[in-house]
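Could you walk me through this structure in my viewer? I would like to know what to select next and what I will find there.

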Amino acid sequence: MSDKQAMLTIGDRELPLPILEGTTGPDVVDIRKLYNQSGMFTYDPGYTSTASCESALTYIDGENGVLLHRGYPIRQLAEHSSFMEVSYLLLNGELPSADELDEFTRTITRHTMLHEQLATFYRGFRRDGHPMAIMCGVVGALSAFYHDSTDISDPDHRRISSHRLIAKMPTIAAMAYKYSVGQPFLYPDNSLSYTANFLRMTFGVPSEAYEVHPAVERALDRIFILHADHEQNASTSTVRLAGSSGANPFACIAAGIACLWGPAHGGANEAALNMLREIGTPDRIQHYIDRAKDKNDPFRLMGFGHRVYKNYDPRAIVMQKTVREVFDALKVDDPLFETALRLEEIALHDDYFIEKKLFPNVDFYSGIILSAIGFPTTMFTALFALARTVGWVAQWNEMISDPGQKIGRPRQLYTGPTQRDYVPLDQR
Ligand code: CMC
């Protein structure tokens, strides 16, 4: 705590408010005692100026396009690390030694299978159900299958359920895909890496050997790293809020998946590719730019803009590079990439986007890569959920182990009717 304080003047009263300092980033005004001292709430719908918790996991400097996990820049992690290593880092705070990484990877690998009865659960969904709908349902249902790890006051239970969630998510996502295309589910093959295993369970079939393309494995692993955590975004805050009541981690992560599904959040990668397909060729870009700028048109450039980044999203830079790598490795060429590059260039030189500081975000290029690998658009957000599970779980653990943790309970500015008497039906 610093000895700096802010002074709030309400009429002729002055209320001193402590100012708290983090290790970096903006200071925060501590308003926890404000209601008791003044009888007033603060008003901040959308939480644009509110720090909802203390966290040591991820730091974003949106003005300068910086994203750090436990202090390490995302570009360094994306270039040199692996998703398993980043998962360990997020969960434990430090990079692992070679032995620690081995042990962690072995532990996660040991938990990749699903309870066999869950296969029956899948069959209750309509075949054309969106994979995110299936993910919400199946992840929520895990608490009915793994009772032995839902005592959140027990650190061992928290650890096991965290490992289970990270390990089972690729199996769950791959099964959602298999179900939608009418192919048999594949069991995990624990001789493969986390990401290779997921690729095989998604694209392999029992009747043939599946060969994992190393460049695709590396690109997808990097995409997982880029999505692993992102501070207190909407779905993470949802996980924390759900968890603050003491709900079990499977239920909390299911809540996070539901929130992530929205097109303003994780659903933007699917929406961005659909938008690029609708635009089609570069000559049609200007029309869509004009639509995005028109106040009377609800259309927005998907994959553009961010609540926190007022500069290039550092994840988008890595994504753009990864598109080229995947195209080279698979010897594919999607003209939509040219359209995307051109759209970015036009938008970045347009006064509207410059003034509002709207830059490409992580979702702008991810759809092009995922589509080149062979994923249908409906799977894009499911992949985001798979990768973000580690961030959700790490944030949930951080919250539960904080001794000062309280149930999340925002207040409101009430604008409804004041008290009035009930009118019997025959008098209305
Ligand atoms: N296209 C056109 N105009 C935009 C866009 C866009 N993509 N994004 C923001 N604006 C305008 C918006 O109309 C507003 O204008 P004005 O000040 O005249 O009312 C101004 O920029 C500020 O926008 P906002 O909606 O108040 O900002 P926000 O912080 O509430 O929203 C956002 C952030 C990400 C929801 C928004 O930029 C958006 O809808 N982008 C498209 C969806 C998208 O790509 N989402 C993925 C986010 S990154 C992945 C993730 O975190 O899940």
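Start by selecting His265 and the ligand: a polar side-chain atom of His265 sits 2.5 Å from a ligand oxygen atom. Keep in mind as you go that this is a predicted model.

Now add Gly303 to the selection. Here the backbone does the work of reaching the ligand, with a polar backbone atom of Gly303 2.8 Å from a ligand oxygen atom. Move on to Phe304 and look at its backbone too: an N or O atom there lies 2.9 Å from a nitrogen atom of the ligand. If you then switch on a surface, you can see how the protein covers 76% of the 940 Å² of accessible area that the ligand has on its own.

Next, widen the view to the whole shell. It holds 21 residues, and the closest are His265, Leu301, Gly303, Arg307 and Lys356. Try colouring the shell by class: you should find ten nonpolar, six polar and five charged residues.

For the last stop, leave the ligand and select helix H18, which spans residues 380–400 and contains Gln395. Is Gln395 buried or exposed? Gln395 is buried, because its relative accessible area is 0%, and buried means under 20%. Show side chains and you will see a polar contact of 2.8 Å between those of Gln395 and Arg240. To finish, display what else surrounds this residue: setting aside neighbours within four places in sequence, Gln395 is in contact with Ser55, Leu57, Asp229, Glu231, Gln232, Thr236 and Arg240.

Terms used. Residues numbered from 1 in each chain as written. Predicted model: local features only at pLDDT ≥ 70, side-chain atom pairs only at ≥ 80, totals over all residues. Heavy atoms only, no water. Near = heavy atom within 4 Å. Polar contact = N/O pair within 3.5 Å; in protein donor to acceptor, adjacent residues only side chain to side chain. Areas by Shrake-Rupley, 256 points an atom, 1.4 Å probe, with all protein chains shown as cover. Nonpolar A, V, L, I, M, F, W, Y, C, P; charged D, E, K, R; others polar. Helix = DSSP H or I, 4+ residues; strand = E, 2+ residues; numbered from the N terminus. Buried < 20%, exposed > 50% of the residue type's maximum accessible area, 1.4 Å probe, protein only. Contact = heavy atoms within 4.5 Å.
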